[in-house]
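Could you walk me through this structure in a viewer, one selection at a time? I am new to it and would like to know what to click on next and what I will find there.

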Amino acid sequence: MFTFELINPVTALSRKEQIEQTATALFKAKGFTATSMRDLANALGIEAASIYSHIKSKEEILQRVCFRMAQEFFEAMDAAQALEGTATERLQRAIAAHVQVLTRNTAASAVFLHEWRHLSEPFHSTFLSLRDKYEARLREIIRFGMANGEFSVPDEKFAALTILSGLNWIHTWYKPEGKMDAHEIAQNLSVMLLNGLTNDKLTLQAKSFTLHTPQTNLT
């Protein structure tokens, strides 16, 4: 039996929001292909036929989750990069922004990171294009740091992918009640990742910073 994390247990959700939230939890737990509409109906305690009055298919939910999350990552990156600063500061803010989005809804994050492969065309190609654009934003920061001598890396793409790989498993172990909150995780990850990028041998100290990102009601 699966248990589902209610994102906003106090706020009354519409039936469509309930369907999306429950489907997202099922996609994370079982995978998109292994989740049937009957599974979704059973989890919701309703008849399978009634779901179709709110959504056309389970892929519609996958599309909504993947592209909403993509938008949130870009909005968070925009907010993080709105301020001027060194490449190190910009990269710290980008890491913090990424962590904030990942930890706000770990079920949606898991679906976004792993189930996008099941998107049909043209959504699959559009998603890949967005992913490439996001990676390019990170590479731009690293390239800026390489140009001014802050970073010393053999390849900017490898560095960007290494950072993203280190961040994108957070959803598998992050707990809101855990030892570190999202802000502390971002700071510690910045230290660990940037120590491997700095051109000097001094230990990079985690700086306290405030990041304002758009707050959305995730379902």
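Helices here are DSSP runs of H or I with at least four residues, and they are numbered from the N terminus. With that in hand, you can follow the tour by helix number. Keep in mind that this is a predicted model.

**The whole chain**

Start with everything shown as a cartoon. You will find ten helices and zero strands, so there is no need to hunt for arrows. Walking from the N terminus, the order of elements reads α-α-α-α-α-α-α-α-α-α. The chain has 219 residues, and 47% of them are buried. Switch on the surface: about 11600 Å² is accessible, with 55% of that belonging to carbon and sulfur atoms. Contacts can be sorted by how far apart the partners sit in sequence. Of those between residues at least 6 apart, 70% join residues at least 24 apart.

**Helix 5**

Now select residues 87-104, which form helix 5. From first C-alpha to last, this helix of 18 residues reaches 26 Å, close to the 26 Å expected at 1.5 Å a residue. Is helix 5 mostly covered or mostly open? It is mostly covered, with 15 of its 18 residues buried.

Pick R93 within helix 5. Buried means under 20% relative accessible area. R93 counts as buried because its relative accessibility is 9%. For a distance to try in the viewer, go from the C-alpha of R93 to that of A76: the two are 17 residues apart in sequence and 9.4 Å apart in space.

**The largest pocket**

Next, look for the largest pocket, which holds about 480 Å³ of space. Its lining has 19 residues, and those closest to the centre are F112, L113, R131, L164 and N168. Select these five to bring the pocket into view. Which elements give two or more residues to the lining? They are helix 4 (58-80), helix 6 (106-114), helix 7 (123-147) and helix 8 (156-167). Helix 7 has the largest share, with five residues. Colour the lining by residue type and you will get twelve nonpolar, four polar and three charged residues.

**F112, at the pocket**

Stay with F112, one of the residues closest to the centre of the largest pocket. F112 lies in helix 6, and it counts as buried because its relative accessibility is 13%. Leaving out residues up to four places away in sequence, F112 touches C66, M69, A70, F73 and F127. Show M69 along with it: the C-alpha atoms of F112 and M69 are 6.8 Å apart, although 43 residues separate the two in sequence.

**The loop between helix 6 and helix 7**

Move on to L119, in the loop between helix 6 and helix 7. Why does L119 count as buried? The reason is its relative accessibility of 5%, since the cut-off for buried is under 20%. Setting aside neighbours within four places in sequence, the contacts of L119 are E59, L62, Q63, C66, F67, H124 and F127. Select L62 from this group: it is 57 residues away along the chain, yet its C-alpha and that of L119 are separated by 7.4 Å.

P122 lies in this loop too, between helix 6 and helix 7. Zoom in on the peptide bond from E121 to P122, which is cis, with omega near 5°.

**The second largest cavity**

The structure holds two cavities of 30 Å³ or more. Turn to the second largest cavity, with a volume of about 30 Å³. To find it, select M77, A94, I95, H98, Y134, L138, I163, L164 and L167, which line it. Helix 5, helix 7 and helix 8 each give two or more residues to this lining. By type, the lining has eight nonpolar residues, one polar and no charged.

**Last stop: D181**

Finish at D181, in the loop between helix 9 (170-173) and helix 10 (182-194). Is D181 buried or partly exposed? At 38% relative accessibility, D181 counts as partly exposed. Show Q100 as well: it is 81 residues from D181 along the chain, and the C-alpha atoms of the two are separated by 9.8 Å.

How values were computed. Residues are numbered from 1 along each chain as its sequence is written. This is a predicted model: local features need pLDDT of at least 70, side-chain atom pairs count only at pLDDT 80 or more; totals for chains, interfaces and linings use all residues. Side-chain values use heavy atoms; hydrogens and water are left out. On a 1 Å grid over the protein atoms alone, a cavity is a set of points where a 1.4 Å probe fits but cannot get out, and a pocket is an open set with protein on both sides within 12 Å along at least five of seven lines; lining residues have an atom within 4 Å of a point. Grid points are joined across faces, edges and corners, and a volume is the space filled by probe spheres set on the points. Ala, Val, Leu, Ile, Met, Phe, Trp, Tyr, Cys and Pro count as nonpolar, Asp, Glu, Lys and Arg as charged, and the others, Gly among them, as polar. Buried means under 20% relative accessible area, exposed over 50%, partly exposed in between (1.4 Å probe, protein chains only). Contact means heavy atoms within 4.5 Å. Accessible areas come from the Shrake-Rupley method with a 1.4 Å probe; for residues, only the protein chains shown count as cover. The expected span of a helix is 1.5 Å times one less than its number of residues.
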